[in-house]
Structures are given as C-alpha cells and as structure tokens.
Amino acid sequence: MSAAAALAWQGVRGACLALPVLAAAVLAGAMIGETSLAPDLVLSVLVNKLAGAGLPVDPVDQGIIWSYRLPRALVAGACGAALAVTGVVLQALLRNALADPYILGISAGASTGAVAVTIAGLGGGALSLSFGAFNGALLAFGFVAILARAAGAGSSRAAAAQIVLAGIAGSQLFNALTAFIIAKSANADQARGIMFWLMGNLSGVRWPDVWLAVPLALAGWMVCRFHARALDAFTFGTDSAAALGIPVRRVQVVLIFATALMTAVMVSIVGSIGFVGLVIPHAARFLVGPGHRRLMPAAALTGAVFLIGADIVSRIIIPGQVLPIGVVTALIGAPAFAIILVRGQRTAR
Amino acid sequence: MRIEARSLSFSVRGKALLSDVSLSAQPGETLALVGPNGSGKSTLMRLLAGLARPSQGDVLLAEQPLARLSRREIAQRIAIVEQQADTAERITARSVVELGRTPWLSALRPWSGEDTRQVDKALRTVEMEAFAQREWATLSGGERQRLHIARALAQQPGLLLLDEPTNHLDIHHQLSILNCVRNLKVTAVVALHDLNQALTCDRVAVLSGGRLVASGTPQQALTPDTVSEVFGITARQVRDAGGGAPHLSFHLA
Ligand SMILES: Nc1ncnc2c1ncn2[C@@H]1O[C@H](COP(=O)(O)OP(=O)(O)OP(=O)(O)O)[C@@H](O)[C@H]1O
Ligand SMILES: [Mg+2]
C-alpha cells in the first residue's frame, strides 16, 4: 500500500468511527428539550430540508428542530471540539497541564469587547456583541503575544513560562477593564446579562453561526492534527523538539495563532465556556494516552459529545429556564473528572 | 561524519561563554570533551548541534556549514542527548525511543516496519527491552538516561553528541554505553567527567573557562600537568601491576 493510500485509509477509518457517534449526539440534541420529539420526526425534517421531500411534519416541530435545536447542537459540537483541541495543543506547547484555551487572555479580551459594545455603547449600536467580543479577543491576544515576545526574546528555554505569565498579565488587565466599564455605566440588568453571556449561552445560535463554527473547527482540527508528531516532539521541551528536527518557532507561531483564532471565534459566538478546554484534554489522555496522533481525534470527539450533552442538560434541568452552559459543564464535568482522576491513579502501574 | 568547529565564540548578554574554540573529529572517531563545571562543555555541545548560533565562527558538518542546513536536515545527521531532559507526560519508555524517528517521518512517509526495527534495536543496545511498556515517571535516573541514549541511536545519526551520558549510570552500564559508542561507526562527541574514561577515547579536548587548553590524543591532551592545572588538583599517572594502560590518580592539591 502506498504512503498516500495508507494515509487516506487512516482518515476514512477515523471518520467511520467518529461520525456515527457525532451523528447520534446531534440527533439527541435535536430530540431532547422542553418538548421531546421522536427520532423519526427529526429524520423526516432532515429529509424535508436537505432532499426537498414533502413528508408531512407539524410546522411548529419542524421549526423547533430545524431553526433552533439542530444549529445549536452543531455549534455546541464544533465549539466543544475546538476548545478541547485547543486545550490539547496549548498544554503540549506550553508544557503546562493547567493551560486552557483562555490562558492567552482571549476570554478576558472577549468580555471587554462585549461590554465595550453593549454597555459602553462603542460603535453607537451598529456593532453586534459577537463582533465586539471577537475584536476584544484578538486585541487581548495581540497584547499577550507582543508582551511574551518582548519578555522572552532570545531565551527559548524559558519562552513557555513567559507566554503563560504574559497571558496572566493580559487577562488581569482586560478583566479589570471589563469590571471598570461595568462599574462605570452598567445597571444591574445589563450586568446580569453580561454575566450570563460570559458563562456561555447557546440560545442565540442560528444557521449562519453553524457555517462559521463548523468549518472553522474542522480546519483548525486539521491544522492541529497535521502537527501531531511535532507536538509529541515537545515532550522533553523546545530544545529537544528542535534537536528532533522540528522548526520550533514556526510550529509555535502557527499553532498558537490557529488556536487563538478558533477560540476567539467560538467565544464570540457562545461566550467563554469554561472547563471543556482544560479538562477534556486530560480526560482524553486517560482514554487513549499522551500520543497526539490519537489524542487529537479523541479530544475533539469527547469535547464535541460532552458539550452537546451539556447543552441538552442546560435546557432541561430547570423547567422553563435555561441555565448558562458553563455552569453545566463545570457541574457535570468536575465530578466526572474527579472520578477519572481517582480511577486513573488506582490503575497506574 | 566529520565535524569541525572553526574558532567558535559564544556570548550571552556580553558574557563570553566560549572564546575561539577550534576542534574537529574525524568520521568514526570518539572525541571526549572534559573540563571543570561551567567550563563550557554543554554550551559547545549546543553549538555543535545547531541548537544555538555561535556569535563568531562556524560549525562544519561533513565540510558543510551547519547554518545552511534546515532543522530537519540537521536532525537526520546529528542526535544529541542533553545533560537534563525530563517530562511530566505519562509517556511509555518505548514512545520516548520512538521520538527518535521523528526526523525521518512526514505526512507522506508514515511509521513503517523499518522504524519499529530501529526502535527495537536501540532498546536492545541499551538493554532496556524489558522496560519498553513502563511509564517514564516510574523509571530510575539511570534507566531514563539509557532511554535518552536509545532515542538518540534510533535517530540513526552520523554524529552523536552525548552530554555526560554516563551520569546516573552504574559502572556496568557506564562501560557498556561507552563501549557501544566507540564501536558504532558514527562520530561521537562525548562530554565526560571521568578522566580515565576519557583516556579510552580516540581524542580528547580539554576546556577551561570557555577556552580550549589542550587537545589531541588522550596521552597528549590529558597529561598529569594539564589535568592538575585545569582542575586545581594533583594528578599522577599510575600503571597497575598487570601492565595495563596507564591511568590517572588524583589528590587535592
Ligand atoms: N544563558 C546563560 N546565561 C548566562 N550564563 C550562562 C548561560 N548558559 C550557561 N551559562 C554559563 O556558562 C558557563 C558554561 O556553562 P556550561 O553549561 O556549558 O558548562 P559545562 O562545562 O557543561 O558544566 P558542567 O560540567 O557543570 O555541566 C557556566 O558558567 C554557566 O553558568
Ligand atoms: Mg554541562
């Protein structure tokens, strides 16, 4: 078998394993909610919408499934996968088990951007919250990147620590800016709305968000998967990676920018959902080990399924009310992770 | 693969760590690098491996300037075992050695049976086959050191740079690793603290305060006078009754 064929075969096999699981999760996301809908109803809606068949379906049910639940489940999946993969990449690159997608100041910047638009009235009402959040995120990341570069220039050994420290400084600064804007001009309702958004909120998600989030998550995943071997080479640090032939600077720049872009877009669509990017990578490591060629698909799949599940729970746990998804991810995720941690310790040789 | 350093100097923030060091090792030779703590052995190793750029001078690998090769091309020719390299990842012993295959793999050249064979061979060379599935954190210092050496061997380099490879090793493994390195057809540059082990190499270079103070055959470079002066001790050459090769014995001055 030629090398290219082997590679294609690997991809096909991976897709065959992952797609049914993802499809099942999305189907569950479309079925379960305040009103439960049967799976064949969901399938009929899909056939109607995608193939133009005229199967008889209640238009209200069709609207719920097609306009609300499906895009929501798809975006939740894309977002969960992107955050989990970002966590994997940053933990490997920065050699820090506590690294998460927000370690580079992105979530802090997004919230500043969001309050600048919604509360301080930047742009005179012409700008959307997502637009503000996205630009805030990129601004904060730019600040962190420049600070890290200035602080770490010339010493590759300490560079990882410098990036983390720059990220902390950037997060503190932008969080303070957010607090300042809220304290200065927000009323209690606005402040509560922003809090709600910051904890993660998928209720505003529609199809245009799907067309942004899903292709971006796929492309980002491919970039990261392509660098899996390079990330393995970082196991013993940057010098060791360089000695194994990895162009360290280029890999760092490409991966940090790719993950920053993914995170910024996801945060601007759904808010900064915590926990997924920190903990799913560790959970996936317990499942398939630390090798990045298997960890990358495993983390993406686990993250996607986890966040679709968390979204379902957030919609049904309190009848008549939607809980911020970040609350759910932490409430389910923390105990689940505790169990994995304890089990993993017991089975360790 | 021949390696040559041409008047290398290296300084960090105005502080000279190496000044005007020139040396070379012929294909297949083992060159021992000795000198007191802080004399610049590890720094020189990093320059030879292309991990740092010299402030002045050139490194030539098989007559080619190292600066002209890409990272990957260098890694296909040079393997380095650094003095310290540790990880918190829960990685197995075998996957550490598999990292050595990285410079030979790409998207279009995935892992193959040949790679598996090289990894097996390297594990056998350092007598670590039985540990292949053990987790890194559970291994002893010497076992980790042997895995790093196996990783470097799996890289199939033409030049092997070993920074204190016998560190942490028991006497059996010290001798067997050095023996293995000398028997390999690759050129090797080895930083050593045991001067009697340096005496068994093909050539020796003595560093002190970032300068080369002696180099040549072991007998030329490691004279009792040079050793005494560089390390601030009194060294004597002794022969044992069996009539073996002379070795050095030391006392505080
Ligand atoms: N980045 C740096 N900044 C300042 N000084 C440095 C730096 N790196 C190394 N040095 C200094 O350069 C000198 C040479 O260091 P090097 O690690 O090469 O010594 P060595 O010969 O390998 O010593 P050892 O036997 O202890 O391993 C030391 O005095 C060290 O403190
Ligand atoms: Mg040293």
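How many salt bridges are counted between chain B and chain A? The count is one, and the close-ups below take you to it by way of a sheet. The model is predicted: local features need pLDDT of at least 70, side-chain atom pairs count only at pLDDT 80 or more, and totals for chains, interfaces and linings use all residues. Residues are numbered from 1 along each chain as its sequence is written, chains are lettered from A in the order in which they are written, and side-chain values use heavy atoms, without hydrogens and water.

**View 1. An open sheet in chain B.** Four strands (DSSP E runs of at least two residues, numbered from the N terminus) lie in the order 2-1-4-5 with antiparallel pairing; strands pair if DSSP finds at least two bridges between them. Strand 2 (15-25) and strand 5 (64-65) of chain B are at the edges with a single partner strand each, so one side of each has no neighbour in the sheet.

**View 2. Strands 1 and 2 of chain B.** Strand 1 (residues 3-12) runs antiparallel to strand 2, joined by seven bridges. Look for Ile3(B), whose bridge partner in strand 2 is Ala25(B).

**View 3. Where chain B meets chain A.** Here 30 residues of chain B are in contact with 25 of chain A, contact being heavy atoms within 4.5 Å. About 2300 Å² is buried between the chains, 62% of it on carbon and sulfur atoms (accessible area lost on being put together, 1.4 Å probe, summed over both parts).

**View 4. The salt bridge.** Arg46(B) pairs with Asp239(A), their closest N and O atoms 2.5 Å apart; the definition asks for a side-chain nitrogen of Lys or Arg within 4 Å of a carboxyl oxygen of Asp or Glu.

How values were computed. Buried area = accessible area lost by both parts, 1.4 Å probe.
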